[in-house]
Amino acid sequence: YWYRDFLLSAIMNTRAAMRKNCLKEREATIKTPVETKSKRKNKHGGKRAAAGSTGKEKPPGQLAPDESREYEVEEIHLSIERTLCIGIVRTISALLQAGIVQQPSYSFTSPERIFQKRFEVFGHVHQPPLLAYADFLQGIDHSNVTPEELMSSASECFNASKRSLDILKQYGENIEEIFLPIQKDEMIGLTKVCVSNSIFIHRLRQNQQSPPEKKSSSVGFRFLAHRSFCTLDLKN
């Protein structure tokens, strides 16, 4: 989830840069014909041509409403996935700090080797650059943050994702599902992840305040609601 957050951030930045360049090129392409046409009107029509202008023409380089809406839907979708990644990473960090889950130990390999093998495929891609294990350790270091702060931050991530999904559903009402970058089943699955993990954070806080003999000692990671984003559940 930490690496996926990095990749989603890179995708969003690249899309924003591409959109900016696209608008500039479109404006440059449209500007010359518009100026030529305007000069021709002024030459032959004089004041009459100028008076006929309504001022309601779409500014050069501006996206059409449908095109702009599609871009916004895709951006919201990417933002939801990225926020969920951040929320899950912080939840796991809180669980590690609370001692509810433990880092696995290995006899024939190491966490660093596992990291290298898992993400070595990205070494063939020039952008974004391949991250090192040291980057990972630095990125997940929450030693200066308390478990309560991590849980509060994670809860806000899940709630923010749920609010964005509600906005996405409103957009979907005006766009045919076949043209949406995210299908209805996908939205339902992501919504379940947001709600389930928000409930988990609430139960985790209660668990931390319980007497030692009543505390849950383990956590389950399930992928029933969504194939990529897990839901967490406390076990006794």
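These questions and answers walk through a predicted model of one protein.

User: How many helices and strands does the protein have?
Analyst: Read along the sequence, the pattern is α-α-α-α-α-α-α-β-β. The helices are written before the strands in that pattern. The count is seven helices and two strands.

User: Among contacts between residues at least 6 apart in sequence, what percentage join residues at least 24 apart?
Analyst: The protein has 236 residues, and 31% of them count as buried. Contacts can join residues that lie well separated along the chain. Here the share joining residues at least 24 apart is 76%.

User: Which element gives the largest share of the largest nonpolar core?
Analyst: This core holds 33 residues. Leu 84, Leu 95, Leu 168, Phe 200 and Val 219 touch the most other members. The elements giving two or more residues are α1, α3, α6, α7 and β2. The largest share is nine residues, and it comes from α3.

User: How many residues are in the second, separate core?
Analyst: Its members include Trp 2, Tyr 3, Phe 115 and Phe 119. In general, nonpolar side chains of soluble globular proteins tend to be buried together. The second core has seven residues.

User: Is Leu 204 buried or exposed?
Analyst: Leu 204 lies in helix α7, residues 184-209. Its relative accessibility is 2%. Buried means under 20%. Therefore Leu 204 counts as buried.

User: Which residues does Leu 204 contact, leaving aside its neighbours within four places in sequence?
Analyst: Start with Leu 95, which touches Leu 204 as well as Ile 100, Val 101, Phe 200, Val 219 and Leu 232. Glu 148 is 56 residues from Leu 204 along the chain, with their C-alpha atoms separated by 9.9 Å. The contacts of Leu 204 are Leu 95, Ile 100, Met 151 and Leu 234.

User: How many disulfides does the structure hold?
Analyst: A disulfide needs two cysteine sulfur atoms within 2.5 Å. For Cys 85, the nearest cysteine sulfur is that of Cys 230, 9.8 Å away. Cys 85 is therefore in no disulfide. Over the structure, the number of disulfides is zero.

User: What is the relative accessibility of Cys 157?
Analyst: Take Cys 85 as a starting point: it is buried, with a relative accessible area of 0%. Cys 157 also counts as buried, because it is under 20%. Its relative accessibility is 9%.

User: Which residues lining the largest pocket are closest to its centre?
Analyst: About 1000 Å³ of space lies in this pocket. The lining has 29 residues. α1, α3, α4 and α5 each supply at least two of them. Closest to the centre are Ile 92, Gln 103, Arg 118, Phe 136 and Ile 140.

User: How many residues of each class, nonpolar, polar and charged, are in the lining of the largest pocket?
Analyst: Two charged and polar examples help here. Arg counts as charged and Gln as polar. By class, the lining has 20 nonpolar, six polar and three charged residues.

User: Where is the cis peptide bond from Gln 127 to Pro 128?
Analyst: Most peptide bonds are trans. The bond from Gln 127 to Pro 128 is cis, with omega near 0°. The place of Pro 128 is the loop between α4 and α5.

User: Which residues does Lys 162 touch, not counting residues up to four places away in sequence?
Analyst: Lys 162 is found in helix α6. At 25% relative accessibility, it counts as partly exposed. Val 195 is 33 residues from Lys 162 in sequence, yet 7.5 Å away, C-alpha to C-alpha. Lys 162 touches Thr 191, Cys 194 and Val 195.

Conventions. Residues numbered from 1 in each chain as written. Predicted model: local features only at pLDDT ≥ 70, side-chain atom pairs only at ≥ 80, totals over all residues. Heavy atoms only, no water. Helix = DSSP H or I, 4+ residues; strand = E, 2+ residues; numbered from the N terminus. Buried < 20%, exposed > 50% of the residue type's maximum accessible area, 1.4 Å probe, protein only. Contact = heavy atoms within 4.5 Å. Core = buried A, V, L, I, M, F, W, Y, C linked by side-chain atoms within 4.5 Å. 1 Å grid on protein atoms, 1.4 Å probe; cavity = no way out; pocket = protein on both sides within 12 Å on 5 of 7 lines; lining within 4 Å. Points joined across faces, edges and corners; volume = space filled by probe spheres on them.
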